[in-house]
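Here is a short tour for anyone meeting this protein for the first time. Take a look at the model, then read on about its domain, its ligand and its empty spaces.

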Amino acid sequence: MGMRKTELHTGWTVRATGGPVPPEIAERTVPATVPGTVHTDLLDAGLIPDPYLGENEGALAWFHRTSWRYDTVLRAEPAAPGERLDLVFDGLDTVATIELDGVEIGRTANMHRGYRFDVSALVTGEDQTLTVRFASALEYAERLQDEIGERPRPYPHPFNAVRKMACSFGWDWGPDLQTAGIWKAVRLERWQTARITAVRPLATRDHLTVVVDVERAAGVNLVAEIYVGEHGRRRLPLPAAAGSGTVEIDVEDAPLWWPIGYGDQTLVPITVKLLYQGDILDRFDSRVGFRDVRLDETPDEHGSAFTLVVNDQPIFVRGLNWIPDDHLLTRITCTTLERAVNRAALANANLLRVWGGGIWESDDFYDVCDEQGILVWQDFPLACAAYAEEEPIRSEILAEARENVTRLVPHPSLILWNGGNENIWGHEDWGWKEALGDLTWGARYYYEDFPALLAALDPTRPYHPGSPSSPLSSQAHPNDDRYGTRHEWEAWNREDYTFHDQFVPRFCSEFGWQAPPAWATLESSLDAADLRKDSAAFLLHQKAEGGNAKLDAGITRHMRLPDDFGDWHWAAQLNQARATRHAVLHLRSHAPRTMGSILWQLNDCWPVTSWAVVDGAGRLKPAWYALRAAYEPRALGFVVRDGGPVLAAVNDSDARWESRAQIRLIGFDGKVVEERWADLEVPARGVSLIPVGEPLPVGDPARTVLVADAGSLRATHLFAEDYDLAFDPSPVEVSVRAVDTGYEVTVSASAYTRDLALLVDRLAPDAVVDEMLVDLLPGESRTFSVTTTATLDPAAFAAPEVLRSANSLTG
Ligand code: BMA
């Protein structure tokens with residue numbers, strides 16, 4: 001008889017069992033969704049307000065110190081002789097005690113692991129009560145830190161003392177809503193003789209190693225049959241004493257898996273059947289992709305390279321950092337993941353970095369990335385803190401790492417393991433050494449444990465000890481430009497986005513700029529009266545240290561700081577878009593010395609002012625459009641060299657790019673001051689820098705723009721900041737045509753118009769425009785496609801809060 005799995009997702013209830021619970025909730029037992037979390041259960045029961053709206057987050061802080069009890073009725077046939085019955089939890093959030101009819105069967109304290117309990121002797125065939133009790137993870141962490149010593153971290157709660165998603169406890173973009181619950185599948189597994197505990201298919205370009213691990217209930221000879229797509233069947237004998245076996249398969253004729261933009265994403269099914277005397281005991285199904293990956297860290301005149309190489313092809317990483325896509329994790333579905341990952345692909349990105357303050361993502365996430373050719377850089381989930389190397393933390397971190405590395409190895413999109421986020425940097429720079437004294441801080445994980453674990457479980461992928469770090473130099477600072485990875489946060493925190501020009505990192509794995517979410521997202525999460533920079537509700541949805549002041553300082557460096565909230569909202573969004581464009585083009589223009597740009601961040605986990613380019617409701621911020629343009633395989637932009645503008649033509653395609661660029665110096669009124677032509681001859685996967693010629697007869701810098709056009713691409717450069725530019729404040733006219741999918745909006749300019757955008761979500765919450773941040777010269781027009789199901793007044797597209805540009809901020 002083969003493995004039989006029965007989901008246990010029905011009949012659950014939940015109730016609070018202790019803590020500062022409001023009286024109207026303390027007495028209530030409510031239906032529970034499994035997989036799920038206490039917040040969504042209470043929300044579904046109508047007992048709490050939506051935690052993402054207004055100031056509700058603060059009002060729900062009582063969850064932090066509350067304990068809970070989930071119950072369901074289990075009725076299952078008792079185990080037959082020789083049969084095993086396992087109760088399997090794929091994920092428990094977090095500090096749990098599991099009981100069957102009041103008998104404790106296990107305790108857990110790590111949401112990043114799965115758990116299996118042998119209940120063969122406990123299941124009676126009658127109705128039995130299955131109970132999962134959750135204690136406050138915060139109180140557990142506080143107790144543990146008292147025992148093993150408090151370690152540095154940047155936020156109040158000791159997230160580094162419990163293996164729960166770090167950002168569960170609040171982050172500089174995330175709410176402090178501490179969930180609890182059965183957050184992944186739970187089931188009963190009934191089996192005999194043996195079962196598959198893990199399969200690790202390790203694929204390279206022409207070879208597949210398949211490791212099969214089994215658990216046995218009987219010491220008999222077994223056989224595993226391994227099917228790899230068209231590449232045939234292999235038999236792996238597993239003699240009576242063997243807990244594991246390995247098959248080596250050459251697949252020289254295999255079609256390769258390539259990242260997006262480099263070729264196809266061929267995925268090959270793999271099945272492993274575990275057999276005893278011809279009967280199938282258990283099976284494993286997955287997919288693999290054949291590709292090689294390595295990290296080129298060759299020393300050179302600048303320091304050492306940090307270049308990801310897939311199938312011998314060096315990849316310039318056009319990436320985005322990824323955070324959990326909804327703080328209430330159990331609401332994330334395959335569909336929402338697909339949509340979010342697709343937002344990265346549509347922005348011309350080729351990599352997502354699963355950041356270390358979140359979770360090991362679900363299989364769905366990596367499946368989508370495999371299919372779309374989006375590379376995945378996977379952090380071990382340790383972020384911004386010192387971590388104890390003592391028990392019980394150490395065993396939990398290692399167990400969780402073993403389990404998840406094993407789970408994720410089939411995915412070809414996963415191309416780099418990274419020790420953690422900013423932990424090595426923090427230890428060096430953030431005063432931890434003094435605070436720690438003799439306490440451990442996690443070095444052993446990054447430099448010994450993870451490399452050893454990967455050597456045993458996955459020697460096919462490169463490892464980097466931390467983002468940022470400089471592993472190729474024993475002397476260099478972790479954030480040194482010349483080695484490894486760099487996070488560039490001075491630009492946002494203290495300087496300006498132009499600060500990027502001073503650095504040429506080998507790989508910039510974090511940099512970014514904040515802006516508020518789309519207007520419709522603000523309107524649906526805050527009361528109308530709270531749509532102010534200084535309202536308590538708006539500030540609760542701005543978590544960054546000095547966030548609004550930094551936004552204002554950033555705007556002020558380039559533009560007049562608007563008083564009106566709507567104007568400010570647009571100015572902040574525009575500045576984020578410009579910051580994004582500036583940094584990305586700078587980094588790309590320095591290829592191949594720089595070989596990676598991973599913007600902080602793609603997504604949000606609730607409605608918030610943050611560095612995300614897609615907001616918490618899934619709406620595209622203007623910066624998303626700026627990023628899409630800056631990440632175009634062929635991009636054109638003015639960058640700074642020796643203090644002046646140079647035209648950079650970046651060609652991240654396999655074909656040589658030959659074109660003519662028309663370079664014009666034009667007055668805002670359309671008068672051409674100077675016109676030049678330049679031949680663009682950019683090698684495949686290369687960059688050309690084209691001097692614009694000196695001296696440029698700029699004339700009046702307040703009224704002159706430098707414009708380069710090549711095919712459909714345009715780059716512009718201004719000679720003064722916006723607050724000194726003599727923009728025409730209302731230089732455009734609009735005509736609108738209704739079409740099946742919405743509207744076509746044609747905007748015609750009578751004077752130079754900078755960063756033209758239609759903020760159509762202000763007209764209808766579902767409206768999306770196809771393009772934003774267009775520069776028009778006098779006499780030019782552009783037709784925008786607006787997709788919406790709403791019926792709109794055509795005149796509304798010309799409303800000042802909808803029809804935006806840099807010009808509209810100067811009037
Ligand atoms: C980096 C990230 C996050 C943080 C972001 C913005 O340090 O790793 O910890 O949210 O910057 O401050």
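## The annotated domain

A quick word on terms: helices here are DSSP runs of H or I with at least four residues, and strands are DSSP runs of E with at least two, both numbered from the N terminus. Keep in mind, too, that this is a predicted model.

The UniProt record, an unreviewed entry, puts the feature "domain: Beta-mannosidase-like galactose-binding" at residues 12–184. Over that stretch, helix makes up 16% of the chain and strand 28%. The C-alpha atoms at the two ends of residues 12–184 sit 14 Å apart.

## Around the ligand

Which residues are found around the ligand? Five are tryptophans you can pick out by number: Trp171, Trp173, Trp355, Trp489 and Trp600, and Trp611 belongs with them. Asp172, Cys384, Asn421, Glu422 and Glu510 are in the shell as well. Sorted by class, this shell has seven nonpolar residues, one polar and three charged.

Some of these residues put a polar side-chain atom by an oxygen atom of the ligand. For Glu422 the distance is 2.6 Å. Trp171 has such an atom 3.0 Å from a ligand oxygen, and for Trp355 the value is also 3.0 Å. On its own the ligand has 300 Å² of accessible area, and the protein covers 91% of that.

## The second largest pocket

Now for some open space. The second largest pocket takes up about 1400 Å³, and 48 residues line it. Nearest its centre are Arg581, Leu585, Arg714, Ala715 and Thr716. Several elements give two or more residues to this lining, among them the helices α15 (565–589) and α16 (622–630). Strands do so too, including β31 (634–641), β32 (644–651) and β37 (713–718).

What is the lining made of, by class? It divides into 21 nonpolar, 12 polar and 15 charged residues.

## Closed cavities

Rolling a probe the size of a water molecule over the atoms shows where empty space is left. How many cavities of 30 Å³ or more does the count give? It comes to nine.

The largest cavity holds about 70 Å³ of space. It is lined by 14 residues, and Ser136, Ala137, Gln178, Thr179 and Ala180 are the closest to its centre. By class, the lining of this largest cavity has six nonpolar, six polar and two charged residues.

Conventions
Residues numbered from 1 in each chain as written. Predicted model: local features only at pLDDT ≥ 70, side-chain atom pairs only at ≥ 80, totals over all residues. Heavy atoms only, no water. 1 Å grid on protein atoms, 1.4 Å probe; cavity = no way out; pocket = protein on both sides within 12 Å on 5 of 7 lines; lining within 4 Å. Points joined across faces, edges and corners; volume = space filled by probe spheres on them. Nonpolar A, V, L, I, M, F, W, Y, C, P; charged D, E, K, R; others polar. UniProt positions renumbered as here; feature names shortened; annotations may be inferred. Near = heavy atom within 4 Å. Polar contact = N/O pair within 3.5 Å; in protein donor to acceptor, adjacent residues only side chain to side chain. Areas by Shrake-Rupley, 256 points an atom, 1.4 Å probe, with all protein chains shown as cover.
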